[in-house]
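User: I am new to this structure and would like to be walked through it step by step. Could you take my questions in turn and show the reasoning behind each answer?

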Amino acid sequence: MMIKIFDAFLNAVFPRRCSYCGKTVKPGMSCCDDCAVSLPRIEGEICRKCGREKKCCSCRNAEKYYDGLAAPFYFTGNVRKGIHAYKFRRWRTSAEAFGGEMAKTVRSRFESVDFDFIISVPLTDKSRRERGYNQCELLADELSRHLGIEHKKDILVKIYETRKQHTISSVFRKGNLSGVFEVNNPAEVEGKTILLVDDISTTGETFNECSKMLWLYGAESVYCVSVALTPKKK
Ligand SMILES: [Zn+2]
Ligand SMILES: [Zn+2]
């Protein structure tokens, strides 16, 4: 009884919000009725290499160091709004909601894969200190809880800061990330099947660069999952 009253009190003071549009929702909910039916989901026939619907895929024969990439959503509309709010306000309910969606995606698209552990795309120590947390780590924690797969921290490190991928033109993007990531403990990576987590993927270059480092240290295979992917410009 006391707990129920306390919950009701908390909900009155800090109402639960939809993780996407921000509208107030009933206790226990993380998505409003409107968003539930209108979110930009990636569905139908999907390309395993870029994670987008085949009609939006333009990856052709591009070589990748990862074995698959998937995301529940396109980075547009209320998904975009929700991820921005999450990055800046760190809503716990959003991490739960996004983690749950990513778990469903991993279960359906990488159904036959037996993962050894989960890791997340790292920030530099400096950025992590400034921000106080790594938003991808929190997502990986939620994903780990849903899938029952261990989330290992400190395997990948980001050595230095780079310009944000979306602020530079695509010809410079590859070079921008080269040598930015390093594997801390190679022995943990060798022969392993790894699930790598990021919040948003635009070109897939961050995933590819992290996967390259894991591959160089002998990872058996790497699969990538993010909350959302930018719809590809042709
Ligand atoms: Zn909503
Ligand atoms: Zn593709």
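**Burial, core and strands**

Analyst: In this predicted model, 35% of the 234 residues of the protein chain count as buried.

User: How many helices and strands make up the secondary structure of the protein chain?

Analyst: Among contacts between residues at least 6 apart in sequence, 72% join residues at least 24 apart. The elements of secondary structure in the protein chain come to eight helices and seven strands.

User: Which strand gives the largest share of the largest nonpolar core?

Analyst: The largest nonpolar core has 55 residues, and those touching the most other members are Leu139, Leu196, Val197, Val225, Val227 and Ala228. The largest share of this core is seven residues, and the element they come from is strand 7.

User: From which domains does this core draw at least three residues each?

Analyst: The domain bounds come from an automatic or database domain assignment. With those bounds, the core draws at least three residues from each of domain 1 (1–38) and domain 2 (40–229).

User: Is strand 7 largely enclosed or not enclosed by the rest of the structure?

Analyst: A residue counts as buried if 20 or more other C-beta atoms lie within 10 Å of its own. Eight of the nine residues of strand 7 are buried, so this strand is largely enclosed.

User: Which residue of strand 7 is the bridge partner of Gly68?

Analyst: Strand 7 runs parallel to strand 1 (residues 68–70), to which three bridges join it. It is also parallel to strand 2, with two bridges, and there Phe73 has Ala228 as its bridge partner. Strand 6 and strand 7 are parallel too and are joined by eight bridges, with Ile194 standing opposite Val222. For Gly68, the bridge partner in strand 7 is Tyr223.

User: Which residues does Leu139 touch, leaving aside those up to four places away in sequence?

Analyst: Leu139 is one of the core residues that touch the most other members. Not counting residues up to four places away in sequence, the residues touched by Leu139 are Ala95, Phe98, Gly99, Met102, Ser120, Val197, Asp199 and Val227.

User: How far apart are the end C-alpha atoms of helix 3?

Analyst: Helix 3 (residues 77–89) has 13 residues, which at 1.5 Å a residue should span 18 Å. The expected span takes one less than the number of residues. The distance between the end C-alpha atoms agrees with this expectation, at 18 Å.

User: Within what arc do the buried residues of helix 3 fall, seen down its axis?

Analyst: The buried residues of helix 3 are Asn78, Val79, Gly82, Ile83 and Tyr86. They line one face of the helix, because seen down its axis they fall within an arc of 135 degrees.

User: Which residues are exposed on the other side of helix 3?

Analyst: The buried residues of helix 3 pack against several elements, including helix 2 (33–38), helix 4 (92–109) and strand 7 (221–229). On the other side of helix 3, the exposed residues are His84, Phe88 and Arg89.

User: What covers the buried residues of helix 4?

Analyst: The buried residues of helix 4 include Ala95, Phe98, Gly99 and Met102. What covers the buried residues of this helix includes strand 1, helix 3, helix 6, strand 6 and strand 7.

User: Is Asp154 buried or exposed?

Analyst: Asp154 lies in the loop between helix 6 and strand 4 (156–158), and has a positive phi of about 65 degrees although it is not a glycine. Most residues other than glycine have a negative phi. With 10 other C-beta atoms within 10 Å, Asp154 is exposed.

Conventions
Residues are numbered from 1 along each chain as its sequence is written. Chains are lettered from A and ligands numbered from 1 in the order in which they are written. This is a predicted model: local features need pLDDT of at least 70, side-chain atom pairs count only at pLDDT 80 or more; totals for chains, interfaces and linings use all residues. Helices (H or I, at least four residues) and strands (E, at least two) are DSSP runs, numbered from the N terminus. A residue is buried if 20 or more other C-beta atoms lie within 10 Å of its own, exposed if 12 or fewer, and partly exposed in between; C-beta atoms are placed from the backbone. The arc is that of the directions from the helix axis to the C-beta atoms. Two residues are in contact if their C-beta atoms, placed from the backbone, lie within 7 Å. A nonpolar core is a set of buried Ala, Val, Leu, Ile, Met, Phe, Trp, Tyr and Cys residues joined through C-beta atoms within 7 Å. Two strands pair if DSSP finds at least two bridges between them.
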